[in-house]
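Here is a short briefing to read alongside the sequence and the model. It goes topic by topic.

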Amino acid sequence: MNIQWYPGHMTKTRRQMAESLKLVDAVCELLDARIPLSSRNPDIDEMFSSKPRMVILNKADQADQNITRRWKEYFKSKGMAVIETDCKTRRGINDFAPALRELLKDQIAKWNEKGQVGRPVRVMIVGIPNVGKSTLINQLAGRKTAKTEDRPGVTRGKQWVKVDEKLELLDTPGILWPKFDDPKVGLRLAFTGAVKDAIMDTETLAFELMKLLATEYPDKVRERYKIEPDPNAEGWEILEAAGRKRGFLISGGEIDLDRMAKVLLDEYRAGKLGRLSLETPEMIGENNE
Ligand code: G4P
């Protein structure tokens, strides 16, 4: 992560979030559709329990549609509104306002009864770094500018961004921390590129990714790298086979594993292996919760 989280930092962020929470009617939590568990803040349910909530499964363009559908059902079953988006192409962006109004319909009806017709719904976007918060806010606001800084919490001098006449967003998203003490979470965040600073060397990361892909998505590995992934082989052996097939050699006929490692990570992150989700709702409780 670009941000170094430490306990004091987290306490400050929590405090700022609590302040922002007073200003909004609902909280929209942005997750990476490929890794909804790992991209979720571990304390989020507790932090935002007082407000109606929406989950946005972003980067849905890179996730397996069937698995994303199951995630939507899962979050809906928890009483949350859920949409899926691809912020790069705007797919799903127009579902945002209607889904929020549906979530808040009782509240809106009460406002109307009290004569507060036209009171705008106010919401905040929260999520871990790199999940797409700035891109989403810019899309919703219809502007192209400014990535927000990776700064914990929500900055002072809050501004409201109009999505439409009756819907406003806090223009600075709340930046939350992932469950970084869980090594599996760290790995998955690194696979997807959410963690830019290497948590381990590229080769080791690629061995882990290759092993996972060969186990979960052997067809994709077969298709892309023209190799038969042996389910009992180590990650480095499969990566080596892929490197050999690509002709990545260094002197002495050895395989250039470092090059192949970079290629695998780049290709996975660019979606060249297809739409692959790394987490399913069935994994809840296994090792992530
Ligand atoms: P943040 O504010 O939460 O930190 O995230 P930000 O919007 O900066 O987005 C992080 C990266 O994710 C950006 O890529 C952004 O383009 C990409 N992104 C956001 N939403 C989506 C989406 O729905 N699908 C896909 N495929 N990517 C998305 P980047 O590599 O930092 O920049 P660039 O590729 O846009 O140049």
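In which strand does Glu-29 have its place? Glu-29 sits in strand E1. The model is a predicted one. The points below start from this residue, then move to a helix, a second buried site, the ligand, the aromatic rings and an exposed glutamate.

**Glu-29 in strand E1**
- Glu-29 has a relative accessible area of 1%, which is under the 20% limit, so the residue counts as buried.
- Outside its stretch of up to four places in sequence, Glu-29 touches Arg-40, Ile-44, Arg-53 and Met-54.
- Val-55, Ile-56, Met-80 and Val-126 are also among the residues touched by Glu-29.

**Helix H7**
- Helix H7 runs over residues 183-192 and is mostly covered.
- Eight of the ten residues of H7 are buried.
- The buried set begins with Val-185, Gly-186, Leu-187 and Arg-188. It also holds Leu-189, Ala-190, Phe-191 and Thr-192.
- Strand E1 (26-32) is part of what covers these buried residues. So are helix H8 (202-216) and helix H11 (257-269).
- At the start of H7, the backbone nitrogen of Lys-184 has a side-chain oxygen of Asp-182 within 2.9 Å.
- Just after H7 comes Gly-193, with a positive phi of about 90 degrees.

**Thr-85 in a loop**
- Thr-85 belongs to the loop that joins strand E3 (81-84) to helix H4 (96-103).
- Is Thr-85 buried or exposed? Its relative accessibility is 0%, so Thr-85 counts as buried.
- Beyond neighbours within four places in sequence, Thr-85 is in contact with Ile-56, Leu-57, Asn-58, Lys-59 and Ala-60.
- Arg-91, Gly-92 and Ile-93 are in contact with Thr-85 as well.
- Ile-56 appears in both contact lists, that of Glu-29 and that of Thr-85.

**The ligand and its shell**
- There are 17 residues around the ligand. Cys-87, Asn-130, Lys-133, Ser-134 and Thr-135 come nearest.
- By type, the shell has four nonpolar, six polar and seven charged residues.
- Which helix gives the most to this shell? Helix H6 (residues 133-141) does, with three residues.
- A side-chain N or O atom of Thr-135 is 2.5 Å from an oxygen atom of the ligand.
- Val-131 brings a backbone N or O atom to 3.2 Å from a ligand oxygen.
- For Asp-86, a polar side-chain atom lies 3.4 Å from an oxygen atom of the ligand.
- On its own the ligand has 710 Å² of accessible area, and the protein covers 71% of that.

**Aromatic rings**
- How many aromatic pairs are there? The count is four.
- One of them joins Tyr-74 and Phe-75 edge-to-face. Their ring centres are 5.0 Å apart, with 70 degrees between the planes.
- Tyr-74 and Phe-75 are both buried.
- Trp-71 joins Tyr-74 and Phe-75 in a cluster linked by ring pairs.

**Glu-223 in helix H9**
- Glu-223 is part of helix H9, residues 218-225.
- Its relative accessibility is 54%, over the 50% limit, so Glu-223 counts as exposed.
- Glu-223 and Leu-264 are 41 residues apart along the chain. Their C-alpha atoms are separated by 13 Å.

Definitions and conventions: Residues are numbered from 1 along each chain as its sequence is written. This is a predicted model: local features need pLDDT of at least 70, side-chain atom pairs count only at pLDDT 80 or more; totals for chains, interfaces and linings use all residues. Side-chain values use heavy atoms; hydrogens and water are left out. A residue is near a molecule or strand if one of its heavy atoms lies within 4 Å of it. A polar contact is a pair of N or O atoms within 3.5 Å; within protein, one must be able to donate a hydrogen and the other to accept it, and residues adjacent in sequence count only if both atoms are side-chain atoms. Accessible areas come from the Shrake-Rupley method with a 1.4 Å probe; for residues, only the protein chains shown count as cover. Helices (H or I, at least four residues) and strands (E, at least two) are DSSP runs, numbered from the N terminus. Ala, Val, Leu, Ile, Met, Phe, Trp, Tyr, Cys and Pro count as nonpolar, Asp, Glu, Lys and Arg as charged, and the others, Gly among them, as polar. Buried means under 20% relative accessible area, exposed over 50%, partly exposed in between (1.4 Å probe, protein chains only). Contact means heavy atoms within 4.5 Å. Rings of Phe, Tyr and Trp (its six-membered ring) pair if their centres lie within 6.5 Å; planes under 30 degrees apart count as stacked, over 60 as edge-to-face and the rest as tilted.
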